[in-house]
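Hello,

Here is the structure I promised to pass on to you. Please open it alongside this email, and then read on for what turned up in it.

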Amino acid sequence: MSTYEARLTALRQQLKTDRLDGFVVPICDEHMSEYIGEYAQRLAWLTGFGGSAGTAAVLSEEAAMFVDGRYTIQVREQVDGKLWQYQQIPQTTVAEWLKANAKEGARIGYDPWVHTKDWADAATKALKSVGAQLIAVGENPIDKIWSDRPAPSDAKLIVLGDEYTGQGSAEKRAAVADWLSEKGLDGAILSALDSVAWAFNIRGDDVSRTPVALSFAVINGDGTADFYVEPDKLTDEARAHLGNAVRLHPRSAFAPALEGMKGKKIAVDPERAVAAIFDKLAAGGAEIVQLRDPTVIPRAQKNTVEQAGHRAAQARDGAALSRFLHWLSVEAHKGNETELSAAAKLQSFREATGKLRDLSFDTISAAGPHAAIPHYRVDEESNLRIEPNSIYLVDSGGQYLDGTTDVTRTIWVGPGEPTAEMKDRFTRVLKGHISLSRCTFPKGTRGGQLDVLARQHLWAAGVDYAHGTGHGVGAYLSVHEGPQRIGMSAGGQAGTQEVLLPGMFLSNEPGYYKAGEFGIRIENLILVEERQIDGAEGEWLGFENLTWAPIDRTLVDTSLITRDELRWWDDYHARVLEIVGPQLEGDAKVWLVEACAGLGRG
């Protein structure tokens, strides 16, 4: 019996003990985080799946894994198909599968600390229609059988100064208090880790790749706050920074505090708060008002200090990436490098800046067919050699005190030439990237309205990609930050109906993936900015490019490039040379000059 078969068997035995007929296991923690601490990696422990989004549903006879289009290939590589059915979201949902497979009278368990209220309501309704029940468990059954489950991190809080944030914590809390007053509310729950971090100007080391601290907060109508964090995580500096207006409590005191809010009107964000928060507030007699977390839009609209910090981080990061690309141009074609060795080399160049705090996510270092997996994650078992005459894709980023970066480059590894198909697909991706980068749009435009700009040239060839085109990015916070997003509205992608506002960071990352052969993605970060247009009617916006590193000209089919696109290429690479060039020297500088040459050459 394999490790994962044994774990699935053990879970089913535990469910019998708990008088349950099934259980649902998402990738989630108590804060609805995208990236979670090791202690909360229940789905990975149970199934072996290493992606950042997915859910498992376990019944006594059947089990299913649910992933979206990003993980179609990866789930089949990592999760045993003899044990698990593969289910595709949004074509189906967990609730629909449970409705179709749960027997009448079945008791299906869920942990309310890792599911949203909306999910629980939908699953309850679906199960009720077939005479089954959804049961909230007091203790997660996986925790009962995971004997060596890691403890939550005990890392100390990090104070982030105003020189990075551009606004003091007291000022931020006062703005939330004003919002509460306008709404006639007594308090707002902050349960998303990046919301808490932003509101209090603190960071942490509790979640790999995301500088947040495990904590909850309640901001009150008078501007004071209750902050729930383990006492051992608080340094003298952090206590002084938080001040007397922030009452400190152990994290374990949060649930009882919710039950003690009788008669208070409390704002809770249904997209960012787990079902247990609603349950505890309701049990204690609080009046729950479902509203968006009041820190979300202020956090998304970066102020001038945050913008300046991000530009500095991008210039530094672009130089590190360029050094790596130069190294790759010298070494990759020799056939001695692997996905892991390349990822380690890139990290070493970032570390050499002396300012890297962490990577912003696990580097997607993907050789050949692995490049066709949009969110591939290399490990010792999957590690491929970077072969001569193949495509290598690297999607990576860094966490710096002054900014969070995310950039993807697709590189042809010689010494031969790429195929005509590879060049065609790469050029169509490039054309989409340029179209989105150059667009001007009226105030009030939503991300979903711009998505077709990035896909149009691929669609013309009858191909597409199964992921969003752009996600928000935090300021030394989460590399995937909402609410803004550029994606296909019809696909139901969260955030695509969000109005784009000045100060928002986004990624611009169209791609193409040929399963089993190669993949292509070009990603820069962009900033929504105001545009002044002579004779314009109304207010207009556009994008400032933020990422600076060469794009591989070997893969470009210049016969498909228009004059305007050629001008964009030349202007972009002139700026790369201007920003990155002074940071390089020797052979790397010589390489950069050649890499930034105009497309009209050669």
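Let me begin with a pocket. Strand β20 gives the largest share of the lining of the second largest pocket, namely 5 residues. Please keep in mind that this is a predicted model.

The second largest pocket has a volume of about 570 Å³. Its lining is made up of 28 residues, and W412, D552, R553, T554 and W591 are the ones that lie nearest the centre. If you want to find the pocket by its secondary structure, look for α14, β20 (407-413) and α19 (586-595), each of which supplies at least two residues of the lining.

**The sheet that holds β20**

Strand β20 also belongs to an open sheet of 3 strands, in the order β16-β17-β20, with antiparallel pairing. β16 (364-367) and β20 are the edge strands with a single partner each, so one side of each has no neighbour in the sheet. From one strand to the next, the twist averages 10°. Between β17 (residues 390-396) and β20, which run antiparallel, there are 7 bridges. As a landmark in this pair, S390 stands opposite V413 of β20. Helix α14 packs on this sheet and touches both β17 and β20, and its direction makes about 15° with that of β20.

**Two nonpolar cores**

Helix α14 comes up again when we turn to the inside of the protein. The largest nonpolar core has 64 residues, and F324, I391, Y392, L430, I551 and V580 are those with the most contacts inside it. Helix α14 (residues 304-331) gives the most to this core, with 8 residues. F324 is a good residue to click on: leaving aside residues up to four places away in sequence, F324 touches A342, K345, L346, F349, Y392 and V394. There is also a second, separate core, which has 58 residues, including F23, V75, V212 and L234.

**A mixed sheet of 6 strands**

Another open sheet has 6 strands, in the order β4-β3-β2-β1-β5-β6, and its pairing is mixed. At its edges are β4 (85-88) and β6 (133-136), each of which pairs on one side only. Ignoring direction, neighbouring strands in this sheet are turned by 25° against each other on average. Strands β1 (residues 22-26) and β2 (residues 55-59) are an antiparallel pair with 5 bridges. Here G22 stands opposite L59 in β2. Helix α5 (residues 117-128) packs on the sheet, where it touches β1, β5 (107-110) and β6, and its direction makes about 145° with that of β6.

**Some backbone details to look at**

Two cis peptide bonds are worth a visit. One runs from I89 to P90, with omega near 10°, and P90 sits in the loop between β4 and α4 (94-101). Another runs from G482 to P483, with omega near 5°. P483 is part of strand β23 (residues 481-486).

You may also like to check two residues with positive phi. M32 is not a glycine, yet its phi is positive, at about 60°. M32 lies in the loop between β1 and α2 (42-47). N201, which is not a glycine either, has a positive phi of about 50°, and it lies in the loop between α9 (193-200) and β9 (202-203).

Is N201 buried or exposed? N201 counts as buried because its relative accessibility is 0%, and the cut-off for buried is under 20%. M32, in contrast, has a relative accessible area of 26%, so it is partly exposed.

**One last residue**

D564 is found in helix α18 (residues 563-580). With a relative accessibility of 38%, D564 counts as partly exposed. How far apart are the C-alpha atoms of D564 and G204? They are separated by 45 Å, and the two residues are 360 residues apart along the chain.

If you would like a place to start, I suggest the pocket: put W412 and W591 on screen, both among the residues that lie nearest its centre. From there you can move to β20 and on to α14, which touches β20 as it packs on the sheet.

Happy browsing, and do write back with any questions.

Best wishes

Conventions:
Residues are numbered from 1 along each chain as its sequence is written. This is a predicted model: local features need pLDDT of at least 70, side-chain atom pairs count only at pLDDT 80 or more; totals for chains, interfaces and linings use all residues. Side-chain values use heavy atoms; hydrogens and water are left out. Two strands pair if DSSP finds at least two bridges between them. Helices (H or I, at least four residues) and strands (E, at least two) are DSSP runs, numbered from the N terminus. Axes are lines fitted to C-alpha atoms, for helices over the stretch in contact, and angles run from 0 to 180 degrees between N-to-C directions. Contact means heavy atoms within 4.5 Å. A nonpolar core is a set of buried Ala, Val, Leu, Ile, Met, Phe, Trp, Tyr and Cys residues joined through side-chain atoms within 4.5 Å. Buried means under 20% relative accessible area, exposed over 50%, partly exposed in between (1.4 Å probe, protein chains only). On a 1 Å grid over the protein atoms alone, a cavity is a set of points where a 1.4 Å probe fits but cannot get out, and a pocket is an open set with protein on both sides within 12 Å along at least five of seven lines; lining residues have an atom within 4 Å of a point. Grid points are joined across faces, edges and corners, and a volume is the space filled by probe spheres set on the points.
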